Structures are given as C-alpha cells and as structure tokens.
Amino acid sequence: MGFDRIGNTSTGGPKSQNLLDYFIKKIKDIRQSTGNSPPSTKFPPSTAVFERFELYSPEEIRKQIQLTKSKSCSLDPIRTTILKEFLEELLPFVTEMCNRSLQQGWLSISKRHAIVKPIIKKEELDQDDVKNYRSISNLTYMSKIAERMVYSQLTTFLEGNNMLLKHQLGFRARHSTETAVIKVMSDILTAADQRRVTLVGLLDMSAAFDTVDHDNIATAS
C-alpha cells in the first residue's frame, strides 16, 4: 500500500512531493535573504581552546543509556528496549562506536539519516496547505547518545570559560522558557515602579536549524 498523501492513502493532505518542494524553497529563500547579512553580535576573543573530546568509559556510556527513554526509530537496527536488555553484551561495541565518533568528529554514515514527518501546526488549519506543516525529524537512538556526549562536554567547556551570555536561557541546565518569562516580567515590573515605559521586541527565527549550511560546516571541519 502506497502513501502519496499525509495521513491518508488516497485523499486528504498534500502530496509528499509538494511538501518537499515547499520546504526546499522555504530554506532557499531564507538563505538568499540572510546569507550576506553581517553578524549581529561580536564576542570578545577568548584564549580558551577546545582541542578535542574526551573519550568515555564503558561505565559512562552505560549511565548515558540508562538515563534515556526507551524510544526507537525505524532506522535503528534493533529496538532500544532490546539494546538495554542486552547492554552488558553490547556495551563494548557501543563504547567503541561512540568514542570513534568523538575521535573522528563524525557520525557513522548509518547515523546521519532521519525519518522526517510533516506535522500540522494546528488542528484547525487547512490540511491541504503545505505552509501549515512543520517537519519533525526522528533520529536514530545512537545518534542521540552521541549528541548527549558532545553536548555535555561542549557545555562544560563554554560555561567553565564564561563563554555564554549571562541571559542565554535556552538549552542550558536550570534555565528554561519559564526562567526567561520571569526575567522579562521582573524587568517590566521594575520599570513600572520607576514610572518608565517598557517596549518589548520579539523575533521569531524561522527554520533556524534547517538553514544551517551543514555541507559547508562538514567541509570546513
């Protein structure tokens, strides 16, 4: 049975090719309009240098795996529940695979793929309009483990060398959108107490991750 439309075998929802064409054009248009823009923020030079990733011991890999949810992707060779059940036997191979990625700075070819699924932004929107969809990538389990390892070491390096902005609240431990809202509300109330006017500028970064030029990053590395 072939699926040529989202969520239906024959009717309802845009065709897969229409969605693909829309997402490709959207990213292309954003890149063309912003590609030559000068950097908006300049950071002072730092003497700290991140030279290499530290390798993980089998026990550290075991802990990383045990802390994750048992979610799987159809691209995984085995289900995550099975991996965890036989982790003692598989741990030496998993450790070697993860450390090779850190040493080489690359994910293995099998880990660079994802299942991309278009999700309607709001149920009440027109399901035939491609503009009403966002793409969600379902990554392989081991690529997520490698991501956690890289994130942990990079975050430790950046925070240890004071290379993050004081109010960088996203993607940091003990920082969240709630923290950001509390900070904004505190500033507004403080300004109101001082009889000052408050203006708020909000910027929505459209497809921020999708517009990263991964090919150029790979070439530069």
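## Asking why, one label at a time

Student: Why is Phe86 called partly exposed?

Tutor: The relative accessible area of Phe86 is 40%. Buried would need a value under 20%, and exposed a value over 50%. Since 40% falls in between, Phe86 counts as partly exposed. Keep in mind that this is a predicted model.

Student: Where is Phe86 placed?

Tutor: Phe86 sits in the loop between helix 3 (80–85) and helix 4 (87–104). Together with Ile78 and Ile82, Phe86 makes a nonpolar surface patch of about 240 Å².

Student: How many aromatic pairs does a search of the whole structure find?

Tutor: The search finds three of them.

Student: What makes the pair of Tyr22 and Phe23 tilted?

Tutor: Their ring centres are 5.4 Å apart, which is within the 6.5 Å limit, so they pair. Their planes meet at 55°. Stacked needs under 30 degrees and edge-to-face over 60, so 55° leaves tilted. Both Tyr22 and Phe23 are buried.

Student: And why is the pair of Phe50 and Phe53 called edge-to-face?

Tutor: Here the angle between the planes is 65° and the centres are 5.0 Å apart. The angle is over 60, so the edge-to-face label applies.

Student: How do you know that Phe53 is partly exposed?

Tutor: Its relative accessible area is 21%. Buried means under 20%, so Phe53 misses that label and counts as partly exposed. Phe50, at 28%, is partly exposed too.

Student: Why does Phe157 count as buried, then?

Tutor: Phe157 has 16% relative accessibility, and that is under 20%, so buried is the right word. This residue is in helix 5 (residues 141–160). Ring pairs link Phe157 with Phe50 and Phe53 into a cluster. Phe157 and Phe50 are 107 residues apart along the chain, yet their C-alpha atoms are separated by 7.3 Å.

Student: How do you know that the span of helix 4 agrees with its number of residues?

Tutor: Helix 4 has 18 residues, and at 1.5 Å a residue it should span 26 Å. The C-alpha atoms at its ends are 24 Å apart, which agrees. Helix 4 also has a kink of about 30°, centred on Phe93. Its buried residues include Leu87, Leu91 and Val94.

Student: What makes Glu96 and Arg100 a salt bridge?

Tutor: Their closest N and O atoms are 2.9 Å apart. The cut-off is 4 Å, so the contact qualifies. Both residues lie in helix 4, four residues apart, about one turn of the helix. Residues three or four places apart point the same way, because an α-helix has 3.6 residues a turn. Glu96, at 41% relative accessibility, counts as partly exposed, and so does Arg100, at 43%.

Student: Why does Lys25 count as exposed, and Asp29 as partly exposed?

Tutor: Lys25 has 51% relative accessibility, which is over 50%, so it counts as exposed. Asp29 has 33%, which is between 20% and 50%, so partly exposed fits. The side chains of these two meet in a salt bridge, with 2.8 Å from N to O. Asp29 and Lys25 both lie in helix 1 (residues 16–34).

Student: What makes Arg52 and Glu51 a salt bridge?

Tutor: Their N to O distance is 3.8 Å, which is within 4 Å, so the pair counts. Arg52 and Glu51 are both exposed.

Student: How many salt bridges does a search of the whole structure find?

Tutor: It finds six.

Technical notes
Residues numbered from 1 in each chain as written. Predicted model: local features only at pLDDT ≥ 70, side-chain atom pairs only at ≥ 80, totals over all residues. Heavy atoms only, no water. Patch = residues over 30% accessible without salt bridge, like charges linked within 9 Å, V, L, I, M, F, W, Y side chains within 5 Å. Areas by Shrake-Rupley, 256 points an atom, 1.4 Å probe, with all protein chains shown as cover. Helix = DSSP H or I, 4+ residues; strand = E, 2+ residues; numbered from the N terminus. Buried < 20%, exposed > 50% of the residue type's maximum accessible area, 1.4 Å probe, protein only. Phe/Tyr/Trp six-rings, centres within 6.5 Å; stacked < 30°, edge-to-face > 60°. Expected span 1.5 Å × (residues − 1). Bend = angle between axes of the 7 residues up to and from the residue.
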